[in-house]
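These notes are meant to be read beside the model. They take up the contact between the chains first, and then the spaces enclosed by the protein.

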Amino acid sequence: MTQFLAQLPVLPIIIPLIAAPLTMLLPARALKGRIPCLFATLVSWIAFAASAAILHSVATAGPISYHMGDFAPPIGIEYRIDLANALVLTLVSGVAALAFPFSYASIRAEIDDHQLSMFYAMALIAMVGLLGVVITGDAFNVFVFVEISSLSTYALVALGARRDRRALTASFNYLVMGTIGATFFVIGLGLLYQATGTLNMADLKIQLAGRDNPMVEAGFAFILVGMGLKAAMFPMHLWMPNAYAHAPSAVAVFLAATSTKVAVYVIIRFTYTVIGADFDFAGAAFEYLIAPLAVMGMFFASIVAIFQDNLKRMLAYSSVGQIGYMLLGISFGTEQGLAASLVHLFNHGLMKGALFMAAAAVAFRVGSETCDGFRGLARRMPWTAAAFIIAALSLVGVPGTIGFISKWQLLSAAFDSGRAWAGFLIVASSLLSVIYMGRVVELMTLAPAPDASAAVREAPLSMLVPMAILVAANIYFGLSTELTVDLAERAATSLMGAAR
Amino acid sequence: MDLLAFAIERYNYWIFITLMMMGLFIVIARGNLIKKMIGLNVFQTSVFIYYISIGKIAGGTAPIYLPEDLKARMAHGGDHAPLPGKDAIGAGAIRVDESLHGGAGFAGNDLQSLAGKAAPPEGAALHSAPEGAANDILAAPPLTIEDHAGAAGAAADLAKAAAEIVYSNPLPHVLILTAIVVGIATTAVGLALIVRIREAYGTIEEDELEAADDIAEFGYVPSKRGLPEQRAGA
């Protein structure tokens, strides 16, 4: 048992990685394609269980350092897990564990049957990539995992082509932008490597100490731009709305809840663990570059979201704005700001997951992804509508939901660090989210249903249950902040402590 | 003049930057999707060249472990160094052992000694960093790559002697092998997408694709750019 536990950190990676090619071999047509779905679901649950165990172990016993192949860290690849990655790890695997069972009904309607095994194999690989990015303590390993997840994501987005051929161009644009982002990241790593001769994050931190030279600065800039592209940081977000809007609904659920958050996590990791507080330029970059861009993203993306007709595209633009909140939190450069950022990263994953699930359920039953499809939905699909409304309230930041917790954290971080302007801007942009979410909620509750309403039934249980769990999480973590806020604060303390 | 020499010594970076900018420009400026892919490839290749060049040591060999050879050299110790003023080579041989574990640091140290430069490890800004030392050796007259290729007398001998013990830093090369694989996979996925786009739209010109999408969505092209007649359906 102890032998097994010693290998725990690698399980969330290795199990899905081995399972993915096996999934591809499973029969796609037998039993209505349930076999690959069930298998992938099982694997994602194992990954989630392992992640939760890791989180528990890290929270109680401190950071874990796992040596891949038993090679000692600076040379070998190290999986270094502290609270920050454990939290994101749990988010990613948790959303995956819900998205896989959810996807079954939705994806069967949207892609060809014979593609089902391939779809689940790719989805598992995308999950492995994201988990790997989060778990690893080796800088180049981050790039490899980013590309593993990106490559499968391109294919997943392109699967939407049967419904809408624009998925192909969206996927192609995502591929071009994503590759540029990843390549920038590699250039940055190369510069840091050239400056230090190491790729281990903890070792990089030690080697970089006191080496504030243009090469390191350029390396950091490349990493920031590269990961900013992946995180859809304004103004590098252009690939995202189309990719999410045209991807199959189930794919959008998983990606929206996880992929950009993971990129934000990488930015946090490199800023605090690798570069650290010794370097003025990192602070300056956040003060004069990231903070203004984050604020612009909050407003610009929210305003664009108001005018979107396609619901998924609207949610994607809303994500760009929400990424702005996270980056704004990081840019404060205080422990509180970082904690708020981590909390929002976690919470936003939960609420966007729930919103995209509701959108997917509507697309599945009504067959429409425009806001019009939500007309009179409260009477036709009451559970889905209720889920959407709760998640929307959460996005706006109503007390009792997780959105309120993250906004509260952000606001207090803003005021405590003497940035009252940021506080007001956060509130102002939240009002914009009231407009774009309120528009849809109004259509759902007050607008009369179109004539064809008789034919529309509530979404199947396989969709409702994961959606309900996510919505319950939205409320649970909004009332009981022990897990998220306390852990995020401790994670922020350790990140800041490491940075010094 | 010094500045010029400084710039020329680092010609590998100029190649990298030029290629990178060319690649990015092609990606941004070209409307044809295939050309975009090629631009993306050029861009990625520039990064490969960058990584390869930071690990390369003039006269350095592939890092292959030769136990007997190593033992023999250890026995000879410093006497083995065949050229005056290059005793550092002997020291290098002993350090080979370390190199197997820490390629990066080893390459840097050896290079500095080989180049006959007494550059302190923590020296001036950029290029005193271990890997930066690759440039020192490129700059050192008897050891430039060209000389090695041209087999010019003593330089060639030195390079040969050095080749027995000086290893190129393998790590960047291994890293970039991974990146090359990733690049190939990206290209393959990109080209596959282009094939599908061509099947669905009948064109791979970006302007025409946008126009086709606009016609499908709005029934007309909002951004008039004097395009040829569109094939809206597919």
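1. Buried area, as used here, is the accessible area, taken with a 1.4 Å probe, that two parts lose on being put together, summed over both. The model is a predicted one, and in it chain B and chain A bury about 3500 Å² between them, with carbon and sulfur atoms accounting for 74% of that area. In terms of contacts, 52 residues of chain B meet 38 residues of chain A.

2. What kinds of polar interaction cross the interface of chain B and chain A? The rule for salt bridges finds 0 of them between the two chains, while the count of residue pairs in polar contact, both at pLDDT 80 or more, is 8. On the side of chain B that touches chain A, the elements giving two or more residues are helix 2 (11-29), helix 3 (33-55), helix 10 (170-201) and helix 11 (206-218) of chain B. Helix 10 of chain B has the largest share of that side, with 16 residues. By class, the residues on this side of chain B comprise 35 nonpolar, 10 polar and 7 charged.

3. The largest pocket should be examined together with the interface, since residues of both chains belong to its lining. About 1200 Å³ of space lies in this pocket, and its lining consists of 35 residues, of which A:Arg166, A:Asn242, A:His246, A:Arg313 and B:Asp213 lie nearest the centre. At least two lining residues each are supplied by helix 7 (166-196), helix 10 (239-246) and helix 13 (311-331) of chain A, and by helix 2, helix 3 and helix 11 of chain B. Helix 11 of chain B gives the most, with 8 residues. The lining of the largest pocket divides into 15 nonpolar, 7 polar and 13 charged residues.

4. Turning to enclosed space, a search of the whole structure finds 6 cavities of 30 Å³ or more. The largest cavity has a volume of about 140 Å³ and is lined by 13 residues, with A:Leu130, A:Ser149, A:Ser150, A:Lys230 and A:Ser259 lying nearest its centre. Helix 5 (116-135), helix 6 (139-158), helix 9 (214-230) and helix 11 (249-275) of chain A are the elements that give two or more residues to this lining, and helix 6 of chain A provides the largest share, 4 residues. The lining of the largest cavity has 8 nonpolar, 4 polar and 1 charged residues.

5. Which elements give two or more residues to the lining of the second largest cavity? They are helix 4 (83-110), helix 5 and helix 11 of chain A, and the largest share, 4 residues, comes from helix 11 of chain A. This cavity has a volume of about 110 Å³, and the residues that line it include A:Phe100, A:Ser103, A:Phe119, A:Tyr120, A:Leu156 and A:Phe254. Its lining contains 10 nonpolar residues and 1 polar residue, with no charged ones.

6. Over all chains, the search finds 11 salt bridges. One pair that deserves inspection is A:Asp82 and A:Arg269, whose side chains meet in a salt bridge at 2.8 Å, N to O. The pair links distant parts of the chain, 187 residues apart: A:Asp82 is in the loop between strand 2 (78-81) and helix 4 of chain A, whereas A:Arg269 is in helix 11 of chain A.

Technical notes: Residues numbered from 1 in each chain as written. Chains lettered and ligands numbered in written order. Predicted model: local features only at pLDDT ≥ 70, side-chain atom pairs only at ≥ 80, totals over all residues. Heavy atoms only, no water. 1 Å grid on protein atoms, 1.4 Å probe; cavity = no way out; pocket = protein on both sides within 12 Å on 5 of 7 lines; lining within 4 Å. Points joined across faces, edges and corners; volume = space filled by probe spheres on them. Nonpolar A, V, L, I, M, F, W, Y, C, P; charged D, E, K, R; others polar. Contact = heavy atoms within 4.5 Å. Salt bridge = Lys/Arg side-chain N within 4 Å of Asp/Glu carboxyl O. Polar contact = N/O pair within 3.5 Å; in protein donor to acceptor, adjacent residues only side chain to side chain.
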